[in-house]
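Here is my notebook from a first look at this structure. I kept the entries short so that you can follow along.

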Amino acid sequence: MNVNLTPKPINFKFGEYINKGFELMKKDFGGVFVGFLVCLLMSIIPFCGILAMGNFYKYLRKIDKNQQASPGDIFDFKDFMPYLILQLIIVGGIFALSIPLGIFGFLGGISSYGNGEPSVMWPLMMIPFMILMFIAIYYFTLKGFYISALISFKGITDIKTAWNISKVMTQGNLLNIFLFSLVVSILAQIGVVACGIGVFLTLPFACTAYYYAFDDAIQQLERDEISEIGIKDKY
């Protein structure tokens, strides 16, 4: 576990990640596609969806680096605990945010029951809360963008450490990361529009684009580590 990793804001290369995603698909479509199917299969196992994606990124890295890669490598439970904790945090956060919505709905039901007419006060009060809720969700999602990469590529198993590093890595890049995620999502949805069959082409591409975003970020940090080691050796 590399807890001594020195984080820094990442130079986010929006277009490069998308282009490299297409290139990897052309380079070894069969390998990417089979790995994606195995990832889907593993995702059926309870609490293993995020783990499956993390392992799929490792698999894509092997293909990208021309290393021997087997789809069976995706069924690796080495990182199960950190991904389980991450998933429980996400579920707990969503549950906590949903509690006020339930309270607003309950109060709205009581007020409409008392006077026999539906009250618009509580629904109106829910609107600003829902806006703030979506902002909070997007903020934490974007700030934690690199957590999966830090777990899978750097072996950081402490979620708090991964979160703190990811916060620094995403500084100044929240808009770029949001637009990147939006564009990749739109491209992935094109397969659904194409009678659903194309989804088996566009969804694997979305994964390859994300892989390059993660791999490039980790490489930038690793280059800094090597540079720092070189400077220390001179002295």
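**Entry 1: Leu 175.** I looked up Leu 175 and found it in helix α8. The model I am reading is a predicted one. Is Leu 175 buried or exposed? I read a relative accessible area of 58% for Leu 175, which is over the 50% cut-off, so I noted this residue as exposed.

**Entry 2: the patch around it.** Next I asked which residues form a nonpolar patch on the surface with Leu 175. My list reads Met 130, Phe 134, Ile 137, Tyr 138, Phe 178, Leu 179, Leu 182 and Ile 186, along with Leu 175 itself. Together they have about 800 Å² of accessible area. Two elements give two or more residues to the patch: α5, which spans 121-143, and α8, which spans 174-193. Which element gives the most? That is α8, with 5 residues.

**Entry 3: disulfides.** I then turned to the cysteines. A disulfide is a covalent bond between the sulfur atoms of two cysteines. How many disulfides does a search of the whole structure find? The search comes back with 0. I checked Cys 39, which is in no disulfide; its nearest cysteine sulfur belongs to Cys 207 and is 6.2 Å away. Why is there no bond for Cys 207? Its closest cysteine sulfur, in Cys 39, is 6.2 Å away, and that is too far because a disulfide needs the two sulfur atoms within 2.5 Å.

**Entry 4: where those cysteines sit.** Cys 39 is buried, as its relative accessible area is 2%. Cys 207 is buried too, with a value of 8%. I call both buried because each value is under 20%.

Note on methods: Residues are numbered from 1 along each chain as its sequence is written. This is a predicted model: local features need pLDDT of at least 70, side-chain atom pairs count only at pLDDT 80 or more; totals for chains, interfaces and linings use all residues. Side-chain values use heavy atoms; hydrogens and water are left out. Patches are made of residues with over 30% relative accessible area and no salt bridge: like charges are joined within 9 Å, nonpolar side chains (Val, Leu, Ile, Met, Phe, Trp, Tyr) within 5 Å. Accessible areas come from the Shrake-Rupley method with a 1.4 Å probe; for residues, only the protein chains shown count as cover. A salt bridge is a side-chain nitrogen of Lys or Arg within 4 Å of a carboxyl oxygen of Asp or Glu. Helices (H or I, at least four residues) and strands (E, at least two) are DSSP runs, numbered from the N terminus. Buried means under 20% relative accessible area, exposed over 50%, partly exposed in between (1.4 Å probe, protein chains only).
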